[in-house]
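User: I'd like to go through this model with you and ask how each label was earned. Ready when you are.

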Amino acid sequence: MTDSPRVLVIGEALIDIVERDGAHTEHVGGSPANVAVGVARQGIATTLLTSIGRDDRGRRIADQVRASGAEVADASWTDAATSTARAVIQRDGSAQYEFAIDWHLDGGAAAALGEVASVVHSGSIALFLHPGGEVVLTALERAAAAGAIVTVDPNIRPALVGDDALAVAERAFAAASLVKLSDEDAAALYPGRTPHEVLDAIAAHGPSVVVMTRGAEGALARGAAGFVTQEPWRVEVADTIGAGDAFMASLVTSSVDDPGFLRGDGGALGRALRRAAVTAGVTVSRPGADPPTRAEVDALL
């Protein structure tokens, strides 16, 4: 592990194709890619290890990630087509999804990059889709054993998680110091349990801090000092795209800047939650997954 903090994000980067009334638009997407962009905009050295094709879509993804200040690992490039997620908007506003995702990952690169990272983050499709999922889980476990901070956001995609979603998620939780999930993730993994029961269940696997985002109700966290709540940052909402990823990116940033909150410092946990709420609030106040810079967040705290 290096002396200067470096964050490694492992996971999917793809193109979201949105179809409405016969027309379509394309946007760079993928939860881990959004997190990498968000962390890099906080001025922290960040590398994204993903799987993208040597095509126009892959180059577009790489350009956007690099523009944020993050690096794209050389091992991310493949000869397969860049993955896509197609959403067809119906007349009632609902969406029907079709995924074209090839999730293979270079295990050697994941191990080597993880050895020099202070923080390793993953989540979403990357954890659950074979064959890359096993590589990601192994990388998280090796990073934890080497002393890195491991952070996880399951970000459940029901169409892709398979029948063993809970077992996979809990294996990732066991390697993690910090877990963030949404209330929708909680309902998918632990149906019928209260938010406090879900956080207790996840914490039993070993994470020091577990955070649940709850939309307009803010966030609930469990740390060594007990439960802490955080109100949302009130803004005029443009859309909610990337809000959870921005919240996660801020928590990753706090694990570098103010790691006391992972060691049981209730004050540090409160600071991390407030910063994450502001970061997510700025993101939803403008269109698309466009997380703020450190200066923008600092100006609001």
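User: Which residues of α9 are buried, and how do you know that the word applies?

Analyst: The buried residues of α9 are A243, D245, A246, F247, M248, A249, S250, L251, V252, T253, S254 and S255. Buried means under 20% relative accessible area, exposed is over 50%, and partly exposed is in between, with a 1.4 Å probe and protein chains only. That gives 12 of 15 residues buried, so α9 is mostly covered. One caution: this is a predicted model, where local features need pLDDT of at least 70, side-chain atom pairs count only at pLDDT 80 or more, and totals for chains, interfaces and linings use all residues. Residues are numbered from 1 along each chain as its sequence is written, and side-chain values use heavy atoms, leaving out hydrogens and water.

User: What makes α9 a helix of the expected span?

Analyst: Helices are DSSP runs of H or I with at least four residues, strands are E runs of at least two, and both are numbered from the N terminus. Helix α9 covers residues 243-257 and has 15 residues. The expected span is 1.5 Å times one less than the number of residues; for α9 that comes to 21 Å, and the first-to-last C-alpha reach is close to it at 21 Å.

User: Why is the chain called as compact as a globular protein of that length?

Analyst: The secondary structure of the chain comes to 11 helices and 15 strands. Its radius of gyration is 18 Å, close to the 19 Å from the globule rule for 301 residues, so the label fits. The radius is taken over C-alpha atoms, and the rule is 2.2 Å times the number of residues to the power 0.38.

User: Why is D290 called partly exposed?

Analyst: D290 has a relative accessible area of 27%, which falls between the two cut-offs, so "partly exposed" is right. D290 sits in the loop between α10 (266-284) and α11 (294-298). Leaving aside residues up to four places away in sequence, D290 touches R41 and T283, where contact means heavy atoms within 4.5 Å.

User: What makes S124 and N155 stand out?

Analyst: Most residues other than glycine have a negative phi, and most peptide bonds are trans. S124 has a positive phi of about 65°, and N155 has one near 40°. S124 is buried at 1% relative accessible area, and N155 is buried at 14%.

User: Which peptide bond is cis?

Analyst: The bond joining H130 and P131 is cis, with omega about 5°. P131 lies in the loop between α4 (125-128) and α5 (132-145).
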